[in-house]
Amino acid sequence: MDLITPKNAKGITPERHDPTHLFNAIFRHQYWPHKLKLAEIILIPKPDKDPKEVKSYCPISLLPIIPKLLEKLILRRIDPDFSTSDLIPHHQFGFHCAHSTIQQCHRITHTILKASNNKEYCTSVFLDVSQAFDRVWHPGLLYKIKKHLPSFFPPLESYLSNQQFRMRVKGEVSPLFLINSGVPQGSVLGPMLYLLFTSDLPQAPNITIGTFADDTVILTCHNDIH
């Protein structure tokens with residue numbers, strides 16, 4: 001990557017390589033530089049798995065440190081409006097301030113116990129979307145950013161466009177590949193963008209939905225099983 005480690009970044013001062021000028025230029029020109037959007041993928045072997053199988057490895061996305069600082073600044077500006085608005089549905093407990101897995105479990109358990117006490121059937125479906133963060137549709141996400149966060153649309157459009165990645169295996173580096181979908185793995189803005197993309201999950205009367213990021217449960221309770 002750019003060889004800038006978190007330890008190096010902590011040593012940045014106004015007198016030494018201050019990135020403020022770079023950040024201001026990105027906002028002024030509404031352009032995210034190409035080298036700040038490059039991800040490097042390394043593979044961590046899973047224990048007791050066949051090393052010849054692709055599924056035996058866990059891919060880890062490494063991103064440059066400096067743009068993460070800029071992402072954190074953007075998130076601080078977005079978050080007050082994002083958290084207090086209706087953009088995050090009440091059933092989403094992932095990456096949501098003051099929400100946790102335990103609270104979501106209590107919420108779902110309460111629904112099931114309530115149905116049991118009322119002598120109702122409680123039918124449920126548990127979903128785990130495969131590679132959910134990698135499957136986010138960019139045109140749809142950009143539409144929602146423009147609709148709900150219009151002042152941040154130009155820089156975020158540049159941030160998402162023409163992202164690339166390369167693989168590194170035992171010192172060997174692959175060519176660059178274009179990323180056509182998904183939110184950047186390991187990024188600061190990725191979770192927020194995923195919540196925005198999935199915020200309009202369809203709902204219906206007599207249906208209880210619980211989500212924690214991409215993990216989803218759908219329940220319906222009634223005295224008639226049909």
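## A walk from the core outwards

Leu 156 touches Ile 78, Leu 142, Ile 145, Leu 189 and Leu 193, if residues up to four places away in sequence are left out of the count. The model in which these contacts appear is a predicted one, and Leu 156 is a useful place to begin reading it, since Leu 156 is among the four residues, together with Leu 141, Ile 145 and Leu 193, that touch the most other members of the largest nonpolar core, a group of 28 residues. At least two residues of this core come from each of the helices H2 (20–29), H3 (65–84), H5 (138–148), H6 (153–160) and H7 (190–197), and the largest share, five residues, is supplied by H7. In soluble globular proteins, nonpolar side chains tend to be buried together.

The next stop is helix H6. Six of the eight residues of H6 are buried, so this helix is largely enclosed by the rest of the structure; the buried ones are Phe 153, Pro 155, Leu 156, Ser 158, Tyr 159 and Leu 160. The ring of Phe 153 has the charged end of Lys 146 sitting over it, 5.4 Å from the ring centre, and Arg 77 is placed over the face of Phe 27 in the corresponding way, at 5.7 Å from the centre of that ring. Just after H6, Asn 162 takes a positive phi of about 55°.

Tyr 159 leads on to the aromatic rings, of which four pairs are found in a search of the whole structure. Trp 32 and Tyr 159 make an edge-to-face pair, with 4.8 Å from centre to centre and 65° between the planes. Trp 32 belongs to the loop between H2 and strand S1 (38–45) while Tyr 159 belongs to helix H6, so that the pair links parts of the chain that are 127 residues apart. Are these two rings buried or exposed? Trp 32 is buried, because its relative accessible area is 1%, under the limit of 20%, and Tyr 159 counts as buried at 2% relative accessibility.

A second edge-to-face pair joins Phe 95 and Phe 133, whose ring centres are 6.2 Å apart and whose planes stand at 80°. Phe 95 lies in the loop between H3 and helix H4 (101–117), and Phe 133 in the loop between strand S3 (121–128) and H5, 38 residues apart. Phe 95 counts as partly exposed at 48% relative accessibility, whereas Phe 133 is buried, with a relative accessible area of 16%. Ring pairs also bring in Tyr 194, linking Phe 95, Phe 133 and Tyr 194 into a cluster.

Charged side chains make contacts of another kind, and the structure holds three salt bridges. What ties Glu 40 to Arg 166? The two form a salt bridge in which the closest N and O atoms are 2.9 Å apart, and because Glu 40 lies in strand S1 and Arg 166 in strand S4 (residues 163–169), this pair ties together parts that are 126 residues apart in sequence. Glu 40 and Arg 166 are both buried. Glu 40 also meets Arg 168 in a salt bridge, at 2.8 Å from N to O, and this pair links strand S1 with strand S4 across 128 residues. Arg 168 counts as partly exposed at 30% relative accessibility. Salt bridges that share partners thus join Glu 40, Arg 166 and Arg 168 into one network.

A further salt bridge is formed by Asp 200 and Lys 144, the closest N and O atoms being 2.9 Å apart. Asp 200 lies in the loop between H7 and strand S7 (207–212) and Lys 144 in helix H5, so the pair ties together parts that are 56 residues apart in sequence. Lys 144 is buried, with a relative accessible area of 14%.

Note on methods:
Residues numbered from 1 in each chain as written. Predicted model: local features only at pLDDT ≥ 70, side-chain atom pairs only at ≥ 80, totals over all residues. Heavy atoms only, no water. Core = buried A, V, L, I, M, F, W, Y, C linked by side-chain atoms within 4.5 Å. Buried < 20%, exposed > 50% of the residue type's maximum accessible area, 1.4 Å probe, protein only. Helix = DSSP H or I, 4+ residues; strand = E, 2+ residues; numbered from the N terminus. Contact = heavy atoms within 4.5 Å. Phe/Tyr/Trp six-rings, centres within 6.5 Å; stacked < 30°, edge-to-face > 60°. Lys NZ or Arg CZ within 6 Å of the ring centre and 35° of its normal. Salt bridge = Lys/Arg side-chain N within 4 Å of Asp/Glu carboxyl O.
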